[in-house]
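Me: I'd like a close look at a single part of this structure rather than a tour of the whole thing. Please take one stretch of sheet, say who pairs with whom, and then work outward to whatever packs around it.

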Amino acid sequence: MQNGWSRLEIGKEWVEAILAEWFGHALAQQYFPGGSGDNRLVTGGRGSGKTRVGAEWVNGLVRGFPPFTTRDRRYGRIALVGESLGDVREVMIEGPSGIRAVSRGVPPRFEATRRRLVWTNGAVAQIFSSEDPESLRGPQFDAAWLDEAAKWKNAEATFDMLQFGLRLGERPIQIITTTPRPTRLMKRLITDPTVRVSRLRTEANSGNLAAGFIAVLERRYGGTRLARQELDGELIEDREDALWSRAALEAMGGGAPEDLRRIVVAVDPPASSGRASAACGIVAAGLDGDGNGVVLADATVEAARPTDWAAAAIRLYRRVDADCIVAEVNQGGDMVTAVLRTVDAAVPVKAVRANRGKWLRAEPVAALYQQGRVRHAERFPALEDEMCEFS
């Protein structure tokens, strides 16, 4: 009986150990099902679990844990690169989600004077800073973890020097974990066909964050460029030749006055119908008592049939209690008005025909924005993305 209980206890310990492993509660985007790939970029918001990804990846390489590697292909010469040496130590190594915190068994020993992390099996990770790209000349590695590369001081020089040192073993690999910013290095990595890109949203990791953290930030920053970058892990950039910028749009302030002198729903129908047709632009806007414009809603849709976009426009017309629908008829002529009246014959429709190109028509509107005479009632991310890409 005693021997039986011993075997049972051993089995229980193994079960508990297996259940405690990271793969049991990691997000799918964190664990890289199907293998890690030779070069991986993980973009994510604050608190989305990026650091944990990097630390588990390094731990898996050293210990031979799948899916990062196997026991037959362990990695033993690793580069840890951060914005500063302090960041590498305090976040990547000693942080609550750092390498030492997630290590199984005896954690690796940090030798500060030699700037390295040493495991009991002989694996070594050296630490480097983006402040000193030249320090990467000479050392060689079979793997590298690059953290918060979007805010490195000498990003491209540091990254390039590291690539020359990734020359050990049969298959040198690297992972970059960062909150994205529109830097030259980020653009290089995201468009590189040899780099596999994953994105983590902070909300998906809410179970590991303080209660109410997400809600507070969403109330304060929801829909802004900052939230999309710092919470959703999106790479957002402005075109230098665009008529609008995200910073200017977000600085306008929100809210709509209770009394508007006039409200219209504007419709820009697609040139064709069917599954491959373009989106139908549908926007509601009004004039306040001072004659300033207020964008009230964006109901743009991709509709397979004309009656679909017409129904969406009329729904918005009713929702905002508009005075009329203004429809551009360049692409469809009388058909545009006819389709709208097929859905609801009582809705007043004003047909307009554009005589100038989109850029020439947009310039005076952009000038009104610059003068502070147009604002958005709320954040419209998709619409504002299009505005900031219009060049």
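Reply: Happy to. One definition first: two strands count as paired if DSSP finds at least two bridges between them. Please also keep in mind that this is a predicted model.

A little context helps before zooming in. The chain has 391 residues, of which 44% are buried, and its secondary structure comes to 14 helices and 14 strands. Among contacts between residues at least 6 apart in sequence, 68% join residues at least 24 apart.

The part I'd pick is an open sheet of six strands, arranged in the order 13-12-9-10-11-14, with mixed pairing. Its edges are strand 13 and strand 14 (374–376), each of which pairs on one side only. From one strand to the next, the twist averages 25 degrees. As a general reminder, strands of a sheet pair through backbone hydrogen bonds, either parallel or antiparallel.

Let's start with strand 12 (residues 324–328), which runs parallel to strand 9 and is joined to it by four bridges. Two positions let you line up this pair on your screen: Val264 stands opposite Cys324, and Ala266 stands opposite Val326. On to strand 13 (residues 349–352): four bridges join it to strand 12, and these two strands are parallel as well. Here Glu328 has Val352 in strand 13 as its bridge partner.

How enclosed is strand 12? Five of its five residues are buried, so strand 12 is largely enclosed by the rest of the structure. Both of its faces are covered: Cys324, Val326 and Glu328 are buried on one side, and Ile325 and Ala327 are buried on the other. Glu328 thus appears twice in this picture, as the bridge partner of Val352 and as one of the buried residues of strand 12.

Now go the other way from strand 9 (residues 262–268). Strand 10 (residues 281–287) pairs with strand 9 in the antiparallel sense, over seven bridges, and Arg262 finds its bridge partner in Leu287 of strand 10. The step from strand 10 to strand 11 is antiparallel too, this time over five bridges. Gly286 and Val294 in strand 11 are bridge partners there.

The connection between these two strands deserves a pause. Asn292 lies in the loop between strand 10 and strand 11 (293–298). Its relative accessibility is 18%, and the cut-off for buried is under 20%, so Asn292 counts as buried. Leaving aside residues up to four places away in sequence, Asn292 touches Gly286, Leu287 and Arg373. Two of those names are already familiar: Gly286 is the bridge partner of Val294, and Leu287 is the bridge partner of Arg262.

What packs around the sheet? Helix 13 (residues 358–370) lies across strand 9, strand 11, strand 12 and strand 14, running at about 85 degrees to strand 14.

The route into strand 12 is worth following too. Asp321 sits in the loop between helix 11 and strand 12. Its phi is near 55 degrees, a positive value in a residue other than glycine. Asp321 is exposed, with a relative accessible area of 62%, whereas the residues of strand 12 are buried.

Step back once more and you reach helix 11 (residues 306–319), which packs against helix 12 (residues 334–343) at an angle of about 65 degrees, with the axes 9 Å apart. The range 65 to 115 degrees counts as roughly perpendicular, and helix 11 and helix 12 are therefore described that way. Their crossing is right-handed. On the helix 11 side the contact involves Pro306, Thr307, Trp309, Ala310, Ala311, Ala313 and Ile314, which meet Val336, Val339, Leu340 and Val343 in helix 12. By class, that contact has 10 nonpolar residues, one polar residue and no charged ones.

For a backbone comparison outside this part, look at Arg115, in the loop between strand 3 (109–111) and strand 4 (116–118). Its phi is also near 55 degrees, again positive in a residue other than glycine. Arg115 is partly exposed, with a relative accessible area of 45%, while Asp321 is exposed.

Note on methods. Residues are numbered from 1 along each chain as its sequence is written. This is a predicted model: local features need pLDDT of at least 70, side-chain atom pairs count only at pLDDT 80 or more; totals for chains, interfaces and linings use all residues. Side-chain values use heavy atoms; hydrogens and water are left out. Axes are lines fitted to C-alpha atoms, for helices over the stretch in contact, and angles run from 0 to 180 degrees between N-to-C directions. Angles under 35 degrees count as roughly parallel, over 145 as roughly antiparallel, 65 to 115 as roughly perpendicular and the rest as oblique. A crossing is left-handed if the near helix is turned anticlockwise from the far one by less than a right angle, and right-handed if clockwise. Contact means heavy atoms within 4.5 Å. Ala, Val, Leu, Ile, Met, Phe, Trp, Tyr, Cys and Pro count as nonpolar, Asp, Glu, Lys and Arg as charged, and the others, Gly among them, as polar. Buried means under 20% relative accessible area, exposed over 50%, partly exposed in between (1.4 Å probe, protein chains only).
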